[in-house]
Amino acid sequence: MDENFKVIEGDIVPIYQNSEGEKLINARELHIALQNKRKFSDWIKQRIEKYEFVENNDFFKRHNFVTLENLKRPQTDYFLTIDMAKELCMIENNIVGRQIRKYFIEVEKRYKSIIESPQSIFDVMHMALNQIEENEKRLKNVENISKENTQEIKEIKHKIDVIIRKDYC
């Protein structure tokens with residue numbers, strides 16, 4: 001999964017979008033917004049297991065390090081699809097969970113309506129800007145692959161030249 005996220009909604013719980021256009025929710029931020037008192041890692045692992053969420057389908061993991069009291073320690077972040085986040089909100093079975101779930105539904109409706117029939121020039125510009133950013137990232141990726149391939153070709157050519165010199169000279 002791409003690790004470049006941008007915030008596309010920042011209201012109750014931030015909603016992120018990756019370069020593939022997937023809209024994702026940071027599970028830690030959702031946990032805080034839901035005002036759940038359980039330890040985050042226990043809460044998310046138990047929810048994933050109990051409700052049979054599937055990694056790389058319903059959620060994505062990202063491993064990193066956080067610094068606490070001058071010590072670096074590993075931390076796993078979970079990024080959830082909006083559908084998984086809505087389900088977790090329902091499972092909480094409280095007012096806050098219902099409010100956040102309604103927020104996610106409204107965001108989905110708004111983005112769907114923008115895609116189906118842009119209401120203003122700003123909607124069209126927003127979609128165009130997103131497409132440009134996605135294309136720029138893809139182009140950079142292709143350029144990097146091209147550079148890597150060029151280097152590999154040079155290395156292979158050099159090895160072939162060495163073998164030819166060794167065998168025929």
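**Exercise 1.** In this predicted model, determine which elements each supply at least two residues of the lining of the second largest pocket, and which of them gives the most.

*Solution.* Begin with the lining itself, which consists of Arg-28, Phe-40, Ser-41, Lys-45, Arg-73, Pro-74, Gln-75, Thr-76 and Tyr-78. Next, place these residues on the elements: helix H2 runs over 40–50 and strand S5 over 71–81, and each of the two supplies at least two residues of the lining. Finally, compare the contributions, where S5 gives the most, with 5 residues.

**Exercise 2.** Describe the second largest pocket by its volume and by the classes of its lining residues.

*Solution.* The volume of the second largest pocket is about 160 Å³. Sorting the lining by class then gives 3 nonpolar, 3 polar and 3 charged residues; for this step Tyr and Pro count as nonpolar.

**Exercise 3.** Decide how the radius of gyration of the protein chain stands against that of a compact globule of 169 residues, and set the result beside the spans of the chain and its buried share.

*Solution.* First, a compact globule of 169 residues would have a radius of gyration near 15 Å, whereas the protein chain has 23 Å. Second, the C-alpha trace spans about 80 × 45 × 35 Å along its principal axes. Third, with buried taken as under 20% relative accessible area, buried residues make up 31% of the 169 residues.

**Exercise 4.** Give the order of helices and strands along the protein chain.

*Solution.* The chain holds 5 helices and 5 strands, and reading along the sequence gives the pattern β-β-β-α-α-β-β-α-α-α.

Note on methods. Residues are numbered from 1 along each chain as its sequence is written. This is a predicted model: local features need pLDDT of at least 70, side-chain atom pairs count only at pLDDT 80 or more; totals for chains, interfaces and linings use all residues. Side-chain values use heavy atoms; hydrogens and water are left out. On a 1 Å grid over the protein atoms alone, a cavity is a set of points where a 1.4 Å probe fits but cannot get out, and a pocket is an open set with protein on both sides within 12 Å along at least five of seven lines; lining residues have an atom within 4 Å of a point. Grid points are joined across faces, edges and corners, and a volume is the space filled by probe spheres set on the points. Helices (H or I, at least four residues) and strands (E, at least two) are DSSP runs, numbered from the N terminus. The radius of gyration is taken over C-alpha atoms; the globule rule is 2.2 Å times the number of residues to the power 0.38. Buried means under 20% relative accessible area, exposed over 50%, partly exposed in between (1.4 Å probe, protein chains only).
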